[in-house]
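Biologist: I am new to reading protein models, and I learn best from a close look at one spot. Please pick a single residue, tell me what surrounds it, and then lead me outward from there.

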Amino acid sequence: MNQPLRGKRILVTRPEAQAGNLADMITAQGGQPERFPLLKIAPANDLSPLRQAVARFDEYSLVIFISPNSVNFSVPYILSRRPWPETVQAAAIGPGTVAELASHGIKKIIAPSERFDSEALLELPAFQAHRVAGKRVLILRGSGGRELLADTLLERGARVEAVTCYHRSAPDDGTPIMSLLHNRAIDALTISSSEGLRNLLSLLDTEGCERLRVLPVFVPHRRIADMAIALGMQCVVLTGPADAGIIKSLYEFDWLHHERNC
């Protein structure tokens, strides 16, 4: 059986709730996934904005979910108080978010089919100015993050509300990953957010950072790749989108060539 990742230990840095699929795919290819979430996810400290949004849910034309976590920390709350209105269109940025929505019975979803980011969502016909002008749009998201989606929809004439339904924070302790790096026990890492990469570097000592910078870093978005390069990563691999794109790049990577040149 062909297992191109046999003997390779791959760091999986997605939040814990989203790490399982990629870890399983690495295992299926013979690799050893090491889970180390670079973003801790917790409910928002103040749920009153979400509660107020749910109270007037029928007024929205469009509800946009930024991530699977935005679904997990809002939809159960919404559906415990009311059914999803047929008049409210759901939208999602990526396939993981679409899958989470479908698991809650929300299946009529607008989403990009190729690139999975705010820019791709904004390119869809449903988000053009003549379609959104004057309509109320709710964005359900985590703390921080970019304002591109909200700002662009406002410019196009929509009435936009953004509600934070979960909080992101960095891990408290980098000792486990630092130990692996010091012992040269990691062969590559996967990074799914610029924020996560910054969190990782902030946890490491000088030696850990030096070891990290020579490892292959697999990222599914050009923006993250540019950040990784700016932060000194020497081998950045831009993959296809989502877990399928990451795993394809992992098993197609020329490991032998990399080891000879590092």
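**A close look at R141**

Modeller: Let's start with the company that R141 keeps. Not counting its neighbours within four places in sequence, R141 is in contact with I66, S70, R146, E147, A162, V163, T164, C165 and Y166. Keep in mind that this is a predicted model. Along the chain, R141 sits in strand 7, which covers residues 136-142. Is R141 buried or exposed? Its relative accessibility is 15%, so R141 counts as buried, the cut-off being under 20%.

One of the contacts of R141 is C165, so let's turn to cysteines. C165 has a relative accessible area of 0% and is therefore buried. C235 is buried as well, at 17% relative accessibility. A disulfide is a covalent bond between the sulfur atoms of two cysteines. How many disulfides does the structure hold? The count is zero.

Now let's move on to helix 9, residues 175-182, where the buried residues are I177, M178, L180 and L181. Viewed down the helix axis, these buried residues fall within an arc of 160 degrees, so they line one face of helix 9. Here is a handy rule for your notes: an α-helix has 3.6 residues a turn, so residues three or four places apart point the same way. What do the buried residues of helix 9 pack against? Their partners are strand 1 (9-12), strand 2 (32-35), helix 10 (194-203) and helix 11 (206-213). Just after helix 9 comes R184, with a positive phi of about 55 degrees.

Finally, let's visit the empty spaces. The second largest pocket has a volume of about 250 Å³. Its lining is made up of 13 residues, and I186, D187, V214, L215 and H258 lie nearest its centre. Which helix gives the most to this lining? Helix 14 (residues 255-260) does, with three residues. Sorted by class, the lining of this pocket has eight nonpolar, one polar and four charged residues.

There is also one cavity of 30 Å³ or more. The largest cavity has a volume of about 40 Å³, and its lining consists of T13, P15, L38, L39, I191, S192, S193 and G196. That lining has four nonpolar and four polar residues, with no charged ones.

Key:
Residues are numbered from 1 along each chain as its sequence is written. This is a predicted model: local features need pLDDT of at least 70, side-chain atom pairs count only at pLDDT 80 or more; totals for chains, interfaces and linings use all residues. Side-chain values use heavy atoms; hydrogens and water are left out. A disulfide is a pair of cysteine sulfur atoms within 2.5 Å. Buried means under 20% relative accessible area, exposed over 50%, partly exposed in between (1.4 Å probe, protein chains only). Helices (H or I, at least four residues) and strands (E, at least two) are DSSP runs, numbered from the N terminus. Contact means heavy atoms within 4.5 Å. On a 1 Å grid over the protein atoms alone, a cavity is a set of points where a 1.4 Å probe fits but cannot get out, and a pocket is an open set with protein on both sides within 12 Å along at least five of seven lines; lining residues have an atom within 4 Å of a point. Grid points are joined across faces, edges and corners, and a volume is the space filled by probe spheres set on the points. Ala, Val, Leu, Ile, Met, Phe, Trp, Tyr, Cys and Pro count as nonpolar, Asp, Glu, Lys and Arg as charged, and the others, Gly among them, as polar. The arc is that of the directions from the helix axis to the C-beta atoms.
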